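Please look over the chain and its ligand before reading on. The report below covers the fold, one helix pair and the ligand site.

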Amino acid sequence: MEKKSGSFSSQFNALSRQVEKLCSHDSSNKEEFLKQSEELFRKVFNSIPGLATLWQKNSRNKIILLMANEGSYIESKGKIAELIGMEVNEFFPDDLEPVQYITGAMNTGEQYHVVMKSKLQTTGKTKWFYQDYVRVTKNLVLNVSQDVTERECAREELQKYKEELHHLIQHRETVREEERAEIARAIHDDLGQSLTALKIDLSILRNEFVPSNRSIHEKIDAMSAMIDSTIRKIQSLGLELRPGILDDLGLAAAVEWLTEEIQKRTNITFKLNIYPEEISLDENLSVNIFRMIQEALTNVVRHSMATRVNISLESTGQEVRIQIKDNGIGIAEDKIRNLNSLGLIGIRERARFWNGTVNITGEKNKGTEVLIKLKINREKTL
Ligand SMILES: Nc1ncnc2c1ncn2[C@@H]1O[C@H](COP(=O)(O)OP(=O)(O)OP(=O)(O)O)[C@@H](O)[C@H]1O
Ligand SMILES: [Mg+2]
């Protein structure tokens with residue numbers, strides 16, 4: 001490709017020199033001048049990379065093939081130069097699109113630049129062509145066509161791969177979320193209950209079987225205190241995995257709980273604006289929003305040095321708008337799309353699944369704003 005355009009440009013330079021020569025030519029010899037002009041035009045036309053055809057509207061108002069560049073060839077039609085004079089509809093008997101573009105360009109002067117997919121009759125293979133349709137004069141349209149199959153196939157492949165990747169990420173997130181909920185439930189119900197039962201048994205043991213043994217009492221009390229602290233630890237582990245409040249009381253309560261938890265261990269104050277107050281969303285969407293806010297707030301705690309955070313969560317019925325704004329050091333431009341860190345990528349991935357957008361901006365020493373907009377009724381396909 002490179003080579004081709006390189007040789008085209010060197011030919012073009014040579015032609016420019018010829019044009020200059022021609023322009024300074026003594027115009028008294030008109031015949032010679034015309035001959036040279038035509039020769040020059042042919043050279044220019046033949047140096048157009050790709051397949052070039054020139055279409056003319058004749059005196060009977062029919063559009064016919066007037067010229068094709070040297071050696072131009074179409075797998076289904078053979079050498080094009082042998083088809084000179086053929087009408088446009090005959091030339092493209094099964095393909096309306098090029099006919100429409102040629103006719104449209106001829107009649108309106110509009111230019112068309114399109115990528116077309118064609119199935120070749122001879123080989124049955126599908127090829128992609130980049131096509132230009134340009135009106136040169138009132139009765140002439142130039143069509144230049146380049147085979148871009150390799151590029152388009154690579155683009156299609158990449159798009160397919162991207163979609164597969166998004167499906168995979170979303171699937172992995174769903175499974176992870178289900179597992180978290182399951183483990184959180186098991187921790188809360190099974191482990192919590194067993195430990196509580198153990199504590200009750202210890203208390204029975206203490207009071208009924210060894211009522212007056214002081215050293216055993218001390219040991220049992222220590223064991224009981226250890227059970228209490230283990231219950232607290234597994235409860236907070238369960239909450240970290242999946243705040244039950246999200247399932248029981250909904251998104252607004254869960255976000256409130258999250259900010260209170262952070263407030264307890266930092267000196268960040270939160271202002272929360274949730275509209276409508278009783279915001280009610282699809283369970284899957286609620287979990288996703290909660291995880292996005294959780295990641296944004298983890299970032300605030302870890303990176304921002306902020307003291308104040310405003311969180312706004314608004315639903316219009318069609319869209320949810322989530323804004324998290326801190327007054328910290330401000331995210332640096334090069335960190336906004338850093339491929340080495342996964343938190344912000346995760347937020348974008350979740351938003352993408354809900355046909356949403358994420359806008360992150362930072363102002364040095366003023367703070368960072370994360371603005372997420374999600375569609376409530378996302379289409380089921382990605
Ligand atoms: N609120 C913020 N204030 C200032 N800088 C921020 C803020 N949020 C993110 N950043 C910067 O953006 C970077 C990328 O954040 P991201 O969440 O993607 O990754 P991370 O937090 O470093 O790692 P992880 O993958 O564990 O989330 C952070 O490393 C940090 O430098
Ligand atoms: Mg992070």
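The overall fold comes before the helix pair and the ligand shell.

This is a predicted model, in which local features need pLDDT of at least 70, side-chain atom pairs count only at pLDDT 80 or more, and totals for chains, interfaces and linings use all residues. Residues are numbered from 1 along each chain as its sequence is written, while chains are lettered from A and ligands numbered from 1 in the order in which they are written.

**Fold.** The protein chain holds eleven helices and twelve strands. These are DSSP runs numbered from the N terminus: helices are H or I with at least four residues, strands E with at least two. Of its 382 residues, 18% are buried (20 or more other C-beta atoms within 10 Å of the residue's own, C-beta atoms being placed from the backbone).

**Helix pair.** Helix α5 (residues 149-209) packs on helix α6 (residues 214-241) at about 165 degrees, and their axes lie 9 Å apart. Axes are lines fitted to C-alpha atoms over the stretch in contact, and angles run from 0 to 180 degrees between N-to-C directions. The angle therefore makes α5 roughly antiparallel to α6 (over 145 degrees).

**Ligand site.** Around ligand 1 stand 16 residues, the closest being Asn-299, Ser-304, Lys-335, Ser-341 and Gly-343. Near means a C-beta atom, placed from the backbone, within 6 Å. α9 (283-304) and α11 (343-353) each give two or more residues to this shell. The top contributor is α9, with five residues.

| Residue set | Nonpolar | Polar | Charged |
|---|---|---|---|
| Shell around ligand 1 | five residues | eight residues | three residues |
| Contact of α5 with α6 | 15 residues | seven residues | three residues |

Here Ala, Val, Leu, Ile, Met, Phe, Trp, Tyr, Cys and Pro count as nonpolar, Asp, Glu, Lys and Arg as charged, and the others, Gly among them, as polar.

How values were computed: Buried ≥ 20, exposed ≤ 12 C-beta atoms within 10 Å, placed from the backbone. Parallel < 35°, antiparallel > 145°, perpendicular 65-115°, else oblique.
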